[in-house]
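This report goes through a structure one part at a time. Keep the sequence and the 3D view at hand while reading.

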Amino acid sequence: MFFARPSRIDRLARLALRTVSLALALALACRPAAPKPFNPDGLSGPQIVPPLPKPELVLTSTDGRQFDLKKETEGYVTLLFFGYTNCPDVCPVHMANIAGAMKRLGPEITNRIKVVFVTVDPARDTPEVMRTWLDHFDPSFIGLRGDSASIASAFTQLRLGQTVHEPGADTTSYTVGHAAIVLAFSTDNLAHVVYPFGIRQADWSKDLTLLVKRS
Amino acid sequence: MTRSRCAAITAVLLLGGCRKPVPPFASVVVGDLRIDHGFAFEPITAASGAAYFRIHNNGTVPDTVLEASSPTARSASFHGSSMAQLDVLEIPPGGEVELKPGATHLMLTNFGNPPRAGDSLPVTLKFARAGVVTLQLPVRRYGQ
């Protein structure tokens with residue numbers, strides 16, 4: 001009986017110590033790991049120095065949902081491209097090359113990539129038109145639409161030239177001049193590299209793998 | 001030859017036989033001009049498509065494309081890489097103009113019957129000096 005008290009205190013102290021150690025271990029384990037700086041060396045796309053932050057952009061996806069770019073793509077390698085479906089040259093070539101490259105890669109890579117197409121021609125690119133067009137390349141491609149002010153703001157944030165509407169033969173046949181690059185954001189939410197027109201599918205495959213593995 | 005290898009080769013031949021052969025584009029000569037490297041992309045929608053070719057001018061004076069058309073498309077116009085419409089496509093003497101993806105292209109819009117990969121897309125060019133020529137451009141898919 002006499003020794004019961006110190007022994008209980010002893011037990012309590014040991015329990016307290018264990019609890020504190022466990023809490024400390026958990027706290028350390030749960031603390032977000034220090035972000036590993038992304039290494040863009042060896043990628044085919046030219047590097048952007050300093051890297052570009054992912055733009056603040058809230059648009060509407062082809063299924064009618066509000067789409068906050070930063071929230072929805074958090075943790076994914078994200079390819080961002082601005083274009084329009086009536087574009088016969090640069091836009092479908094970029095999309096077809098990315099889709100072709102993705103087909104060569106396994107799900108362990110492609111499941112960690114989001115491809116986001118933002119229309120610069122919301123007047124003609126209805127959600128249905130965009131969905132049909134994107135499905136032609138890859139049904140997983142995300143199509144976003146918004147007002148011209150949001151798009152202009154994204155272009156300013158990304159330091160891209162603004163879009164230019166070029167008149168065609170009649171009022172409905174205009175074309176849209178726009179940046180022809182694909183921005184590649186790694187999981188640090190920064191674009192360290194961009195992909196100008198002319199990147200081959202083999203280079204896309206190699207780079208997408210590196211972008212995922214280094215993230 | 002083993003039976004399985006024979007079956008495999010037969011399968012390949014059959015599959016190959018089912019695909020429509022894509023006729024390669026042979027160069028075309030009209031007046032002092034020679035046109036080669038011609039092809040078109042299979043339009044994704046009937047709204048728009050693009051065609052490409054290279055024109056050499058072996059003459060001593062410039063020539064100009066006055067008009068381009070295709071019976072399956074409502075309009076055809078030349079655009080630069082910025083998508084601005086080009087009013088004049090001039091081929092300098094002893095020089096060439098090359099249309100290629102990401103650069104100058106012939107934009108075709110509103111297809112009545114969009115061509116499919118493996119088809120030939122007829123495109124007629126009217127030149128100021130060389131006259132009129134119709135090209136049969138082999139159609140292929142984007143990304144191929």
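## Strand pairing in chain B

In this predicted model, β9(B) and β10(B) form a hairpin, with 3 residues between them. Strand β9 of chain B covers residues 120-127, and 8 bridges join this strand to β10(B) in an antiparallel arrangement. One place to look is B:V123, which stands opposite B:L135 in β10(B).

Strand β10 of chain B, residues 131-140, is also joined to strand β2 of chain B, residues 33-41. Here the two strands run parallel, and the bridges between them number 2. In this pairing, B:A40 stands opposite B:V139 in β10(B).

## Where chain A meets chain B

How many residues of chain A are in contact with chain B? There are 24 of them, in contact with 23 residues of chain B. The size of an interface is often given as the accessible area lost when the parts come together. For chain A and chain B this buried area is about 1,600 Å², with 62% of it on carbon and sulfur atoms. Of the area that chain A buries against chain B, 33% is supplied by A:P88, A:D89 and A:T175, more than by any other three residues.

Three elements of chain A give two or more residues to the side that touches chain B: α3 (90-104), α5 (127-137) and β8 (175-177). The largest share, 5 residues, comes from α3(A). Sorted by class, this side of chain A has 13 nonpolar, 8 polar and 3 charged residues.

Which polar links cross the interface? The rule finds 0 salt bridges between chain A and chain B. The count of residue pairs in polar contact between the two chains, both residues at pLDDT 80 or more, is 5.

## B:H105, a residue in touch with both chains

B:H105 lies in strand β8 of chain B, residues 105-111. Is B:H105 buried or exposed? B:H105 counts as buried because its relative accessibility is 0%, and the cut-off for buried is under 20%.

The contacts of B:H105 include two residues of chain A, A:P88 and A:D89. Within chain B, B:H105 touches residues including B:Y52, B:F78, B:H79 and B:L99; these lists leave out residues up to four places away in sequence. The side chain of B:H105 also reaches the backbone oxygen of B:A103, at 2.9 Å.

## Two buried residues of chain A

A:D138 is in the loop between α5 and β6 (142-145) of chain A. With a relative accessibility of 14%, A:D138 counts as buried. The side chain of A:D138 reaches the backbone nitrogen of A:S140 at 2.9 Å. Not counting residues up to four places away in sequence, A:D138 touches A:A99, A:M102 and A:R131. A:G42 is 96 residues from A:D138 in sequence, and their C-alpha atoms are 27 Å apart in space.

A:V115 is placed in strand β5 of chain A, residues 113-119. A:V115 counts as buried because its relative accessibility is 3%. Leaving out residues up to four places away in sequence, A:V115 touches A:L79, A:I98, A:M102, A:F141 and A:I142. A:M102 is thus among the residues touched by A:V115 and among those touched by A:D138. The C-alpha atoms of A:V115 and A:D138 are separated by 9.4 Å, and the two residues are 23 residues apart along the chain.

How values were computed
Residues numbered from 1 in each chain as written. Chains lettered and ligands numbered in written order. Predicted model: local features only at pLDDT ≥ 70, side-chain atom pairs only at ≥ 80, totals over all residues. Heavy atoms only, no water. Contact = heavy atoms within 4.5 Å. Buried area = accessible area lost by both parts, 1.4 Å probe. Salt bridge = Lys/Arg side-chain N within 4 Å of Asp/Glu carboxyl O. Polar contact = N/O pair within 3.5 Å; in protein donor to acceptor, adjacent residues only side chain to side chain. Helix = DSSP H or I, 4+ residues; strand = E, 2+ residues; numbered from the N terminus. Nonpolar A, V, L, I, M, F, W, Y, C, P; charged D, E, K, R; others polar. Buried < 20%, exposed > 50% of the residue type's maximum accessible area, 1.4 Å probe, protein only. Pairing = 2+ DSSP bridges.
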